[in-house]
Amino acid sequence: MTPSPDPRSSPEKLEAFVQRTLRDLPPRRAPRSLEPRVLAELSRRAAQPWWRKSFVHWPLPARATFLVASAACVKLVLMAAVWVMAGVDAAGWQEAMAQPLTWWESGRAVFSACTGFVDIMFRNIPALWLYGGLAFIATMYAAILGLGAAALKALQAQR
């Protein structure tokens, strides 16, 4: 059911009226108990030990140990599955244990190829071009900072 069209009203006028009415409303106040509850929760989270926090907050050695242990567990589970499906075969078990992690070797080969490429490229680019590129980047960075500061100053001057 659509309202009858009124030639005096338009969507723009209605939108302006609603926006003006909502802007004139007083701001809602937060409950008095909100601030103490938020501060208590923040202090409770800050007091937690590292192993109760998210993975990003763990110390680097703990994260590395966890990743290595997880990879070892995945390898053991996969090897156990192959062992169960193929039957107990000592030669197959030794071969599976002796094989390196192929994904690790592949990743290492890709990383080595990328670093070799970057090394070759940097050795073949003249030093003057590298210094010129760095100077250009520094100049553009300074220009962006200067333009941002000027825009901020202009915006603050209008208020």
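For these entries I take a salt bridge to be a side-chain nitrogen of Lys or Arg within 4 Å of a carboxyl oxygen of Asp or Glu. I keep in mind throughout that this is a predicted model.

**Entry 1: the pair in helix H5**

With that rule in hand I looked up aspartate 119 and arginine 123, whose side chains meet in a salt bridge at 3.1 Å, N to O. Both belong to helix H5, which runs over residues 102–124, and because they stand 4 residues apart in this helix, about one helical turn separates them. I then checked how far each partner is covered: aspartate 119 is partly exposed, at a relative accessible area of 39%, while arginine 123 has 60% and is exposed.

**Entry 2: the network in helix H2**

I noted next that Glu41, Arg44 and Arg45 are joined into one network by salt bridges that share partners. In the bridge between glutamate 41 and arginine 44, the closest N and O atoms lie 2.6 Å apart, and in the bridge between arginine 45 and glutamate 41 the corresponding separation is 2.9 Å.

I asked myself how glutamate 41 and arginine 44 are placed in helix H2. The helix covers residues 34–46, and the two residues are 3 apart in it, so that about one helical turn lies between them. Arginine 45 is also in helix H2, 4 residues from glutamate 41, again about one turn of the helix. As for cover, glutamate 41 is partly exposed with a relative accessible area of 28%, and arginine 44, with 44%, is likewise counted as partly exposed.

Counting by the rule I began with, I arrive at 3 salt bridges.

**Entry 3: helix H1**

How many residues of H1 are buried? I find 0 among its 14 residues, and I therefore record the helix as hardly covered, buried meaning under 20% relative accessible area. Helix H1 takes in residues 11–24 and reaches 20 Å from its first C-alpha to its last, which is close to the 20 Å expected at 1.5 Å a residue.

**Entry 4: the chain as a whole**

Finally I stepped back to the protein chain, in which I count 6 helices and 0 strands, so read along the sequence the pattern is α-α-α-α-α-α. Of its 159 residues, 2% are buried. I put the accessible surface of the protein chain at about 14,800 Å², and carbon and sulfur atoms account for 70% of that area.

Notes
Residues numbered from 1 in each chain as written. Predicted model: local features only at pLDDT ≥ 70, side-chain atom pairs only at ≥ 80, totals over all residues. Heavy atoms only, no water. Expected span 1.5 Å × (residues − 1). Buried < 20%, exposed > 50% of the residue type's maximum accessible area, 1.4 Å probe, protein only. Areas by Shrake-Rupley, 256 points an atom, 1.4 Å probe, with all protein chains shown as cover.
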